[in-house]
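Biologist: I would like to understand one part of this structure properly rather than skim the whole. Could you take a close look at a single helix and explain, step by step, how its residues relate to the rest of the chain?

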Amino acid sequence: MAVIVNLTTSVKPELREEFLHDLSLVLPGTRSYSGCHWVYLTEDDDSDKIAVISKWDSREAYETYLAWRKNSGSFGPIGEKYFSEEPTWRFMPVIMDFNKR
C-alpha cells in the first residue's frame, strides 16, 4: 500500500540556509530512489520546523531507502550538524488516491 511519509525536525536557526542548500543536493537522490513517487520540502511559518514530505510505494520501500541513507553515512552527519531536536516520522497509508489520471 502506498504511504505518505512526513519527516519533521527543528533546524538550528543559524544553520537554516546551509541546511536547505545541503537538502537541495540530497533530495534529488531521494526522488530518484526506487519506490519514491515525489518529495516536497516544507516549512512551518510559525516555528523552526522543516518537513520532508514524500510518497512511496510502501512503508517498506521507504524503510529500505532510509537504511540506504543511513548506511551511506549522509543521514547521521546531517542530523548531528543541523537538527536542534530529534526528528519525528509519521507514516500515513494512502487509502484513496484521486491524483491518478
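Modeller: What follows is a walk along helix 1 and then out to the parts that its residues meet.

Please keep in mind that this is a predicted model. Helix 1 covers residues 16-32, which makes 17 residues, and from its first C-alpha to its last it reaches 25 Å, close to the 24 Å expected at 1.5 Å a residue. There is nevertheless a kink of about 35° at L25, shortly before the proline P28.

The next point is which residues of the helix are turned away from the surroundings. F19, L23, L27 and T30 are the buried residues of helix 1. Take F19 as the example: with a relative accessible area of 3%, F19 falls under the 20% cut-off and therefore counts as buried. If we set aside the neighbours within four places in sequence, F19 is in contact with V11, I50, I78, Y82 and F83.

One of these partners, I50, leads us into the strands, since I50 belongs to strand 3 and stands opposite T9, while I50 is also the bridge partner of E43. Strand 3 runs antiparallel to strand 1 (residues 3-10), to which eight bridges join it, and seven bridges join strand 3 to strand 2 (residues 36-43), again in an antiparallel arrangement. Between strand 2 and strand 3 there is a hairpin of five residues. Six of the eight residues of strand 3 (residues 49-56) are buried, so this strand is largely enclosed by the rest of the structure.

Helix 1 also takes part in salt bridges, of which the whole structure holds six. In one of them R16 pairs with E43, the closest N and O atoms lying 2.0 Å apart. This pair links distant parts of the chain, because R16 sits in helix 1 and E43 in strand 2, 27 residues apart. R16 is partly exposed, with a relative accessible area of 24%, and E43 likewise counts as partly exposed, at 48%.

A further salt bridge joins the side chains of E18 and K81, at 2.5 Å from N to O. Since E18 lies in helix 1 and K81 in helix 3 (residues 75-82), the pair ties together parts that are 63 residues apart in sequence. E18 is partly exposed, at 34% relative accessible area, and K81 is partly exposed too, at 39%.

How values were computed: Residues are numbered from 1 along each chain as its sequence is written. This is a predicted model: local features need pLDDT of at least 70, side-chain atom pairs count only at pLDDT 80 or more; totals for chains, interfaces and linings use all residues. Side-chain values use heavy atoms; hydrogens and water are left out. Helices (H or I, at least four residues) and strands (E, at least two) are DSSP runs, numbered from the N terminus. The expected span of a helix is 1.5 Å times one less than its number of residues. The bend at a residue is the angle between axes fitted to the seven residues ending there and the seven starting there. Buried means under 20% relative accessible area, exposed over 50%, partly exposed in between (1.4 Å probe, protein chains only). Two strands pair if DSSP finds at least two bridges between them. Contact means heavy atoms within 4.5 Å. A salt bridge is a side-chain nitrogen of Lys or Arg within 4 Å of a carboxyl oxygen of Asp or Glu.
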